[in-house]
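Here is a short briefing on one protein chain. Please look over the sequence and the model first, then read the points by topic.

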Amino acid sequence: MKTITIAPLATPKSISLAVWDAVTHAPHLFLQTAEHPSARRIVEAGLPFQSMDDLYESAEDFDALAAAIAVRLCTCEEDAVYAVPGRGVGTAQLEAIRSAAERSGARLTILPASGYAEAALAALPAPLPAGDLRILPATALPCRLDPYVPLCIEEIDTRMRASEVKLALLEYYPDEFPVFLCTMDAEGAYTARPLPLYELDRQDGFFAASVLILEAASFDALTRHGVDGLERVMKRLRAPGGCPWDAEQTHESLRGDLLEEAYEVLDAIDREDTDALCEELGDLLLQVVFHAEIEEELSEFNFRDVCTGIVQKLVYRHPHVFGTTRVSGSDEVLVNWENLKKKEKHQETVADMMNAVPRGFPALMRAKKVQKKAAHVGFDWPDANGALDKVEEETQELREAAANGEGEARIAEELGDLLFSVVNAARLLHVDGELALTAATEKFVMRFTKMEQLVLSEGLSLEALSLDALDVFWERVKS
């Protein structure tokens with residue numbers, strides 16, 4: 001079986017013994033490019049090779065280039081070694097080579113090697129502290145980053161690429177954050193130049209071996225934060241020597257805050273105030289992190305468990321996205337969602353589903369959800385007319401209970417039936433009862449305010465007027 005070996009050359013000064021052995025004993029040696037400093041040792045050693053530079057010049061795009069390189073490697077009659085600068089070939093080229101090797105029956109081997117980052121790190125004026133280090137190719141950005149971990153970004157080959165890297169980093173780091181731009185000379189030696197992040201794409205001389213190095217950021221140095229920053233603050237607040245109030249809180253004491261923050265998010269949405277929405281979502285997220293931190297201290301679960309649970313739930317309940325299920329539209333998505341939810345929560349009957357609706361929900365919301373469970377199995381009015389007739393029936397029963405003096409409990413029961421039937425009518429009319437009632441309340445407040453202003457403008461007071469007189473002013477406002 002023919003073997004194709006990918007041999008990363010790293011830099012001229014850091015070619016590994018295994019890679020050099022493969023290159024010097026290759027039955028047929030290919031170079032990704034002969035123009036890179038890493039190829040100089042091969043050229044100076046007088047080793048015979050075939051370069052891919054002609055394919056770079058003739059290919060229409062990177063996909064065509066990857067395909068052409070793969071064909072050249074796999075149609076070679078001998079075992080082939082493909083020597084590439086840096087850490088290795090890009091993902092697209094590697095996949096093209098792997099696919100072509102499988103089709104031709106060749107075996108693909110990739111030799112381990114260091115890359116540009118390791119060589120550039122040695123050029124820093126002081127070594128990075130021991131610990132974690134993340135190395136990424138520039139093409140991997142934007143992606144999620146951890147500014148508390150040192151970062152090396154390889155292959156910033158053009159000023160345009162540098163601009164893309166800068167924009168991605170500014171999501172995490174401040175403009176003035178100090179970075180090191182490391183460049184390789186013709187001999188393969190690196191120099192590290194310090195500069196503020198915002199000046200990155202104002203530099204010259206970018207090519208494939210250019211590396212950017214960022215040291216780990218301190219919390220105080222950052223002006224933008226992710227959930228990790230919020231978790232750090234919460235842990236500090238509840239730790240010994242932190243905030244006494246935060247340390248005393250429990251799930252029960254925070255219950256009202258959680259509900260209040262949720263309502264403030266809804267208020268910002270209703271007012272279409274994006275600035276307020278951003279702030280209120282942060283307040284709501286704080287409550288989630290707060291509760292998760294309390295449980296982490298009790299060794300029950302942590303915030304990552306919370307995220308894991310919701311990710312698994314979303315994947316499970318979207319088989320039409322993450323699986324092979326096909327749906328015709330959003331209605332079928334909702335049906336599948338309910339069926340999967342029923343299976344997941346071991347709800348065997350409709351009554352199980354109804355009883356699972358939290359009793360802590362606002363009454364209008366809970367009534368609507370319970371009605372939808374019944375409608376799921378066909379126990380529902382065919383249209384809104386039946387529900388509206390029921391509203392009239394329940395209104396009459398309430399009138400009779402009040403007229404007959406049947407007692408507070410009986411009247412409350414009939415009033416509850418009336419409200420439940422109104423929610424049914426709203427649901428079948430495709431109206432959100434909570435929003436409709438909120439709008440009606442706002443309309444009442446607005447009209448009452450105008451009525452009071454009108455009364456006061458005529459030198460009168462609300463308290464001195466009879467109900468009939470107030471009705472006259474009310475009708476004036478309405479008209």
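Helices (H or I, at least four residues) and strands (E, at least two) are DSSP runs, numbered from the N terminus. With that numbering, R317 falls in the loop between α12 (303–316) and α13 (319–322). The model is predicted. Its chain holds 20 helices and ten strands.

**Overall shape and surface**

- The chain has a radius of gyration of 35 Å, whereas a compact globule of 479 residues would have one near 23 Å.
- The C-alpha trace spans about 110 × 55 × 50 Å along its principal axes.
- Buried residues make up 33% of the 479 in the chain.
- The accessible surface of the chain is about 28500 Å². Carbon and sulfur atoms account for 56% of that surface.
- Take the contacts between residues at least 6 apart in sequence: 61% of them join residues at least 24 apart.
- The chain carries 46 positive and 82 negative charges. The mean positions of the two sets lie 4 Å apart.

**Nonpolar cores**

- The largest nonpolar core has 24 residues. I153, V165, L169, Y173 and L212 touch the most other members.
- Four elements each give two or more residues to this core: β7 (151–154), α7 (159–169), β8 (178–184) and β10 (211–214).
- Of these, α7 gives the most, with four residues.
- Another core, of 22 residues, lies apart from the largest one. Its members include L55, I69, V89 and A101.
- L212 has a long contact list once residues up to four places away in sequence are set aside: L151, C152, I153, I156, V165, L169, V179, F180, L181 and L200.

**Buried polar and charged residues**

- Is R317 buried or exposed? R317 counts as buried because its relative accessibility is 3%, and the cut-off for buried is under 20%.
- Beyond residues up to four places away in sequence, R317 touches W337, L340, K341, E344 and K345.
- Q93 sits in helix α5 (residues 91–104). Its relative accessible area is 9%, so Q93 is buried.
- Which residues does Q93 contact, leaving aside neighbours within four places in sequence? They are Q32, Y56, A66, I69 and Y82. One of these, I69, is also a member of the 22-residue core.

**Backbone features**

- The peptide bond from L141 to P142 is cis, and its omega is near 0°. P142 belongs to the loop between β6 (134–137) and β7.
- A10 has a positive phi, near 55°, although A10 is not a glycine. Its place is the loop between β1 (3–8) and α1 (17–24).
- A10 has a relative accessible area of 0%, so A10 is buried.
- S299 also has a positive phi in a residue other than glycine, near 60°. S299 is located in the loop between α11 (274–297) and α12.
- Why does S299 count as exposed? Its relative accessibility is 68%, and exposed means over 50%.

**Other positions and distances**

- G459 lies in the loop between α19 (433–457) and α20 (467–478). G459 counts as exposed because its relative accessibility is 67%.
- How far apart in space are G459 and C278, C-alpha to C-alpha? The distance is 45 Å, with the two positions 181 residues apart in sequence numbering.
- A64 is part of helix α4 (residues 62–74). A64 has a relative accessible area of 33%, so A64 is partly exposed.
- A64 and I153 are 89 residues apart along the chain. Their C-alpha atoms are separated by 26 Å. I153 is one of the residues that touch the most other members of the largest core.

Note on methods:
Residues numbered from 1 in each chain as written. Predicted model: local features only at pLDDT ≥ 70, side-chain atom pairs only at ≥ 80, totals over all residues. Heavy atoms only, no water. Rg over C-alpha atoms; globule rule 2.2 N^0.38 Å. Buried < 20%, exposed > 50% of the residue type's maximum accessible area, 1.4 Å probe, protein only. Contact = heavy atoms within 4.5 Å. Areas by Shrake-Rupley, 256 points an atom, 1.4 Å probe, with all protein chains shown as cover. Lys, Arg positive; Asp, Glu negative; His and termini not counted. Charge placed at Lys NZ, Arg CZ, Asp CG, Glu CD. Core = buried A, V, L, I, M, F, W, Y, C linked by side-chain atoms within 4.5 Å.
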